[in-house]
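Q: I should like to learn how salt bridges are read from a set of coordinates. Could we work through an example together?

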Amino acid sequence: MPTIRPLLITAQKDDAMAEQGVITRIRMFLAAPHRRRLVIIGAAGVAYLIGLAVALRFDWYPQGLPGYVYLGLFAVLGAATARRWPVETLVLVTCYTAYTTLAPLPPQLYGLYLGAPQALVPLAIVVFIMISDGGPVVAPAATFGTLALLVILPWRDIVGLLVESRPLSEALLLDSGEDRSVLVAELVACALVIVFALMLRRQRRVAEELAAKNRELTQLRAAEVSRIAEQERTRIARGMHDEVAHHVAALVIRAQAALRVANGQPEPLEQAMRDIATSGQDVLARIRTVVRVLKSPPKTNAAAPLTLIDELEALFARVRSIGYDVDAAVRVSDEVPAEYRSAIAAAVQESLTNTMLHSAAHSVQVEVAEEPLVWTVRVSDPGPARERFADMPKGGSGLEFLADRLASLGGQLTSGTDGEGWTVTAQLPRTAAGTQQRKAAL
């Protein structure tokens, strides 16, 4: 007994997996639209034949039973082939309909005869599929309309009246065996087949246009997301450069100064090491701040930011501490918008970093002025040019990032040689900042 139960469980699992495999194969088979359509058409044909069998079982013997059988077969055949061979299917079903309704059938084939509107069903299905699928309209509609008139109306009596030169209005008084309202209803039903096919055709066309527009919008959205991601990557790179490059350059300069005084002068070396340790901690703190901002949105209860003057003074003190003579003239108010304040500080910091990296000068002049229309930043050094770190790869992106940042605020950046030295000038329009503040206030 202990060995039988695991075998039963394993067998049940195998049966379940086999059943799931069959279901999966059926779903894969029906995944294609044309296969699913053929299965539905076949199921409808089988249901029709089963309905005939049930009718015979209950002694309801329809007149012309072979005609009903062939009617179902041609309807299924037409529905199955109308999309792939539309013209051939239309011709075949039209010939069958005309032969069984208009031709004088021999007595042995009389069971194929069916009157309107049953005899028009296969042709109506084929015409509906052709028109609604975007195929030709005039030929199928004309063929179906002509046969509908010939099958439904008592045209033989009408022709007889015309041959006898009797008024056509007498056709309304002829006894054709059917109520005139029934004939009108049958003609209206045939017309509705064309109307509904045209409506479905239009609906499908509109759906295709909407799907195409949706795909286009999806592509545009993907391109926009890609563009935003690229801008965000540029912003992150610029932020890392602004926060780290300046401090790392100062660290390296301190380390070089420490190496020069390493032999026989322990006091300056000790102070230099303290400065390097402090600056290194500052760099790590700034890197962590950038990472923290990238990981989560800034908190609303953060401490109030430094004013522009305080931020620039801290920057000048850091540069002076490594031996540079900074001649600074800052004339700005405390009402500089945050984004413009950050851009001005970045322009000063990047210019000082370039002086430390690419100039032999030990002095630098900084001027930050608030004019009626613009804020102006001008940083210059007397030179001469000299790469402080010769092994460092050339082609930094600091000025390029700064130019993009200023351009996004409507400003501009110019830089170039000034005698043996180098000058960087940045300008930001105050009018654009005022407009931005008014929009924010609204």
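**Reading the salt bridges**

A: In this predicted model, a network of salt bridges links Arg 83, Asp 133 and Arg 204.

Q: How many salt bridges are found in the whole structure?

A: The general criterion is a distance: a side-chain nitrogen of Lys or Arg lies within 4 Å of a carboxyl oxygen of Asp or Glu. A search of the whole structure finds five salt bridges. One pair is Arg 331 and Glu 367, with an N to O distance of 3.0 Å. This pair links distant parts of the chain, 36 residues apart: Arg 331 belongs to strand S1 (residues 325-331), and Glu 367 to strand S2 (residues 363-370).

Q: Are Arg 331 and Glu 367 buried or exposed?

A: The category of partly exposed falls between the limits of 20% and 50% relative accessible area. Arg 331 is partly exposed at 46%, and Glu 367 is partly exposed at 33%.

Q: Which parts does the salt bridge between Arg 430 and Glu 370 tie together?

A: The side chains of Arg 430 and Glu 370 meet at 3.8 Å, N to O. Arg 430 lies in helix H13 (residues 430-441) and Glu 370 in strand S2, so the pair ties together parts 60 residues apart in sequence. Arg 430 is partly exposed at 28%, as is Glu 370 at 24%.

Q: Where do Arg 378 and Asp 418 lie?

A: Arg 378 forms a salt bridge with Asp 418, the closest N and O atoms being 3.8 Å apart. Arg 378 lies in strand S3 (residues 374-381) and Asp 418 in strand S4 (residues 412-418), so parts 40 residues apart in sequence are tied together. Arg 378 has a relative accessible area of 34%, and Asp 418 one of 43%.

Note on methods
Residues numbered from 1 in each chain as written. Predicted model: local features only at pLDDT ≥ 70, side-chain atom pairs only at ≥ 80, totals over all residues. Heavy atoms only, no water. Helix = DSSP H or I, 4+ residues; strand = E, 2+ residues; numbered from the N terminus. Buried < 20%, exposed > 50% of the residue type's maximum accessible area, 1.4 Å probe, protein only.
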